[in-house]
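This report describes the fold, the backbone geometry and the main pocket of a single chain. The structure is shown first.

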Amino acid sequence: MSTPKVTLYTYFRSSCSARLRIALALKSIPYTPIPINLLKDEQLSPSHRAINPSATVPALIVQHDYHNNPSQPPVVITQSLAALEYLDEISPASAPSLLPPVSDPEGRALVRTLASIIACDVQPVTNLRILKRVAPLGIDRAEWSRDLIEDGFRAYEAIVARSAGTFSVGDSITLADVCLVPAAWGAERVGVDMKAFPTILRIWERLEMEECVKAGHWRTQVDTPEEFRA
């Protein structure tokens, strides 16, 4: 089986999309980005719903070259954590892994726990769809997001204060880190005082130096408006 063709439906400020952009760059997997403008509700179009019934981004499309079955349909994954683990499973052994080895189940559970704090506890309640729903209630969107992000970061900080090396778990970039970076960008945007989370801040600042993070950064995407570009 040859190198698959990868397509990513993405939005420059989507934290879930950014996780995949960073991981794809880390693994040196080329892909074609297809921007979906969430502010213009392009995610709600029938054509996008046909790809992603959740009407969200990202959507990862992987077309393998099955020589014995050329009509095999592409793999479509519409949840970022599932897509990240799938990329790990189809990557060659020489590519950086997002999880510790199978021989380290405790380490794998730790990485997944940290990723889930961001992906399950923080991101779903601070994303654009929820912010639009709470706005009519008179809730300040930035304050709402800030409080919830800080709750999640307190939990993350308590764990990585014990597990961190260069990155969240030891000295290799993991699933936890590719989830943390976009969350830190969102936290900065709503005014979270990152100095309150010194281990997270140190990890984030180190991750910002990595080429994969630069490649996945919201300021460097094909759909990033000119006024936001690095």
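## Backbone, sheet and pocket

Ser28 sits in the loop that runs between α1 and β2. The model is a predicted one, and in it the phi of Ser28 is near 55°, a positive value in a residue other than glycine. A second point of backbone geometry is the cis peptide bond that joins Val57 and Pro58, with omega about 5°. Pro58 is placed in the loop between α2 (46–51) and β3. Most residues other than glycine have a negative phi, and most peptide bonds are trans.

Strands β1 to β4 belong to an open sheet of four strands, in the order β2-β1-β3-β4 and with mixed pairing. Its edge strands are β2 (32–35) and β4 (75–77), each of which pairs on one side only. On average, neighbouring strands of this sheet are turned by 15° against each other, direction ignored. Strand β3 (residues 59–63) pairs with β4 in the antiparallel sense, over three bridges. Ile61 stands opposite Val76 in β4.

For residues 104–226, UniProt lists "domain: GST C-terminal" in an unreviewed entry. Over this range the chain is 67% helix and 0% strand, and the end C-alpha atoms are 44 Å apart.

Where does the largest pocket lie with respect to domain 1 (5–95) and domain 2 (105–214)? Both domains give residues to its lining, so the largest pocket lies between them. Its volume is about 1200 Å³. The lining consists of 50 residues, and Gln123, Thr126, Asn127, Leu128 and Arg129 are those nearest the centre of the pocket. By residue class, the lining divides as follows.

| Class of lining residue | Number |
|---|---|
| Nonpolar | 27 residues |
| Polar | 13 residues |
| Charged | ten residues |

Which helices each supply at least two residues of this lining? They are α1 (15–26), α3 (80–90), α4 (105–126), α5 (128–134), α6 (141–163) and α7 (175–189). The largest share, seven residues, comes from α7.

Definitions and conventions. Residues are numbered from 1 along each chain as its sequence is written. This is a predicted model: local features need pLDDT of at least 70, side-chain atom pairs count only at pLDDT 80 or more; totals for chains, interfaces and linings use all residues. Side-chain values use heavy atoms; hydrogens and water are left out. On a 1 Å grid over the protein atoms alone, a cavity is a set of points where a 1.4 Å probe fits but cannot get out, and a pocket is an open set with protein on both sides within 12 Å along at least five of seven lines; lining residues have an atom within 4 Å of a point. Grid points are joined across faces, edges and corners, and a volume is the space filled by probe spheres set on the points. Ala, Val, Leu, Ile, Met, Phe, Trp, Tyr, Cys and Pro count as nonpolar, Asp, Glu, Lys and Arg as charged, and the others, Gly among them, as polar. Domain bounds come from an automatic or database domain assignment. Two strands pair if DSSP finds at least two bridges between them. Axes are lines fitted to C-alpha atoms, for helices over the stretch in contact, and angles run from 0 to 180 degrees between N-to-C directions. UniProt positions are given in the numbering used here, feature names are shortened, and annotations may be inferred rather than shown by experiment.
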